[in-house]
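Please find below a colleague's note on the structure, set out as numbered points. Each point takes up one topic and may be read beside the coordinates.

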Amino acid sequence: MQPHGFEWAYLFFDTRKGRNMSKLSIKRRRFIVTSLVIPVILLVAFVVFPAIDLFRMSFTDWDGYSAGSHFIWFDNYKSMVLNGDFLCFFLFLFTG
């Protein structure tokens, strides 16, 4: 009996002793792993890395055009929270 919640691990690791894997089973596992690796690499390259970079840039005073930027830490977030439009948005969001 396989432990509940770790079914995905059996795609990669066969922990049952004495089991002979057929060539079809090996090819199936190789296909599944290859089919999953490519989308994960693309997801990391086009979603995760840009999101991390955007978060890093939110702590700078970069205007989008200039070559240089300086870390200003939480000043961007302070000005956003203290902005009247931002507060009005949340009032509208929660009160309808």
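1. A residue is called buried under 20% relative accessible area, exposed over 50%, and partly exposed in between. This cut-off is needed for several of the points below, and it should be kept in mind throughout that the model is a predicted one.

2. On the overall fold, the protein chain holds 3 helices and 0 strands, and its elements, read from the N terminus on, follow the order α-α-α. Of the contacts in the protein chain that link residues at least 6 apart in sequence, 0% are between residues at least 24 apart.

3. On burial, the protein chain has 96 residues, of which 7% are buried. The area that the protein chain exposes is about 8700 Å², and 71% of this comes from carbon and sulfur atoms.

4. Which residues make the nonpolar surface patch of about 800 Å²? The patch is formed by Ile38, Leu42, Leu43, Phe46, Val47, Val48, Phe49 and Ile52. One of these residues, Val47, lies in helix H1, which covers residues 23–57. Val47 has a relative accessibility of 46%, and it is therefore classed as partly exposed, since this value falls between the limits of 20% and 50%.

5. On charged pairs, the count of salt bridges comes to 2, where the rule asks for a side-chain nitrogen of Lys or Arg within 4 Å of a carboxyl oxygen of Asp or Glu. Each pair is taken up in its own point below.

6. In one salt bridge, the side chain of Arg56 meets that of Asp53, with an N to O distance of 2.8 Å. The two residues, Arg56 and Asp53, are about one helical turn from each other because they stand 3 residues apart in helix H1. Arg56, with a relative accessibility of 41%, counts as partly exposed, and Asp53, with a relative accessibility of 32%, likewise counts as partly exposed.

7. In another salt bridge, the side chains of Lys78 and Asp75 come together at 3.9 Å, N to O, a distance that satisfies the criterion of within 4 Å. Lys78 and Asp75 are 3 residues apart in helix H2, which spans residues 75–82, so about one helical turn separates them. For Asp75, the relative accessibility is 41%, which means that this residue is partly exposed.

Conventions
Residues are numbered from 1 along each chain as its sequence is written. This is a predicted model: local features need pLDDT of at least 70, side-chain atom pairs count only at pLDDT 80 or more; totals for chains, interfaces and linings use all residues. Side-chain values use heavy atoms; hydrogens and water are left out. Patches are made of residues with over 30% relative accessible area and no salt bridge: like charges are joined within 9 Å, nonpolar side chains (Val, Leu, Ile, Met, Phe, Trp, Tyr) within 5 Å. Accessible areas come from the Shrake-Rupley method with a 1.4 Å probe; for residues, only the protein chains shown count as cover. Helices (H or I, at least four residues) and strands (E, at least two) are DSSP runs, numbered from the N terminus. Buried means under 20% relative accessible area, exposed over 50%, partly exposed in between (1.4 Å probe, protein chains only). Contact means heavy atoms within 4.5 Å.
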